[in-house]
Amino acid sequence: MLSIFKYTLLDSAVGCAIQTQLPKGKGYTALEIKVNMMRPLTQELPVIRAEGRTLHVGRQTAVAEGKIIGVDGKVYAHATTTCLIFYI
């Protein structure tokens with residue numbers, strides 16, 4: 001169940017990273033996303049942080065990466081996505 005949580009959290013982080021770079025009138029949809037689970041999330045880990053950053057934003061596609069990081073500074077999951085950019 002927590003694997004779905006990691007996927008959803010990372011999908012949101014990378015999507016938001018791309019959305020912040022798009023001008024008014026443009027939207028995006030995911031072409032693909034790849035998630036690597038590195039460590040399990042457990043109840044002993046009280047706080048986690050999701051980070052997303054864009055690697056490339058072009059006219060038609062955008063690429064971003066994201067991480068889930070624990071309070072211990074370790075990376076628990078990593079994702080990359082490619083999105084299609086379109087006019088809305």
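Helices here are DSSP runs of at least four residues, numbered from the N terminus. Keep that in mind as you open this predicted model.

**Stop 1: the helix and Tyr-7**

Select residues 2-19. This is helix 1, and Tyr-7 lies in it. Now show the side chain of Tyr-7. Is Tyr-7 buried or exposed? Neither word fits: its relative accessibility is 38%, so Tyr-7 counts as partly exposed. Next, look for its partners beyond four places in sequence. Tyr-7 touches Ile-33, Val-35 and Met-37. Then select Arg-49 as well. Tyr-7 and Arg-49 are 42 residues apart along the chain, and their C-alpha atoms are separated by 13 Å. Arg-49 will come back later in the tour.

**Stop 2: the whole chain**

Zoom out and color by secondary structure. The chain has 1 helix and 4 strands. Follow the sequence from start to end and you read the pattern α-β-β-β-β. Turn the model around. Along the principal axes, the C-alpha atoms fill a box of roughly 45 × 20 × 20 Å. Switch on the surface. The chain exposes about 5600 Å², and carbon and sulfur atoms supply 56% of that area. Of the 88 residues in the chain, 30% are buried.

**Stop 3: the sheet**

Hide the helix and keep the strands. In what order do the strands sit in the sheet? The order is 1-4-3-2, in an open sheet of 4 strands with antiparallel pairing. Its edge strands are strand 1 (26-37) and strand 2 (48-57), and each of them pairs on one side only. Look at the angles between neighbouring strands. On average they are turned by 20 degrees against each other, direction ignored. Now select residues 61-70, which make up strand 3. Strand 3 and strand 4 pair in the antiparallel sense over 9 bridges.

**Stop 4: Thr-81**

Move to strand 4, residues 75-87, and select Thr-81. Add Ala-64 to the selection. Thr-81, in strand 4, is the bridge partner of Ala-64. Why does Thr-81 count as buried? Its relative accessibility is 1%, and buried means under 20%. Show what surrounds Thr-81. Leaving out residues up to four places away in sequence, its contacts include Val-14, Ile-18, Ala-30 and Ile-33. Glu-32 is also among the residues that Thr-81 touches. Which atom of Glu-32 should you pick? Pick its backbone oxygen, which lies 2.7 Å from a polar atom of the Thr-81 side chain.

**Stop 5: the salt bridges**

Side chains of opposite charge can pair when their charged atoms come close. The model has 2 salt bridges.

Go back to Arg-49 and add Glu-51. These residues form a salt bridge, with the closest N and O atoms 2.8 Å apart. Check how open each residue is. Arg-49 counts as partly exposed at 43% relative accessibility. Glu-51 is partly exposed too, with a relative accessible area of 33%.

Now select Arg-53 and Glu-65. Here the closest N and O atoms of the salt bridge are 2.7 Å apart. This pair links distant parts of the chain, with Arg-53 in strand 2 and Glu-65 in strand 3, 12 residues apart. Glu-65 has a relative accessibility of 16%, so it counts as buried.

**Last view**

Show the full chain again and think about its contacts. Take those with a separation of 6 or more: residues 24 or more positions apart account for 64% of them.

Key: Residues numbered from 1 in each chain as written. Predicted model: local features only at pLDDT ≥ 70, side-chain atom pairs only at ≥ 80, totals over all residues. Heavy atoms only, no water. Helix = DSSP H or I, 4+ residues; strand = E, 2+ residues; numbered from the N terminus. Buried < 20%, exposed > 50% of the residue type's maximum accessible area, 1.4 Å probe, protein only. Polar contact = N/O pair within 3.5 Å; in protein donor to acceptor, adjacent residues only side chain to side chain. Contact = heavy atoms within 4.5 Å. Pairing = 2+ DSSP bridges. Axes fitted to C-alpha atoms, helices over the stretch in contact; angles between N-to-C directions. Salt bridge = Lys/Arg side-chain N within 4 Å of Asp/Glu carboxyl O. Areas by Shrake-Rupley, 256 points an atom, 1.4 Å probe, with all protein chains shown as cover.
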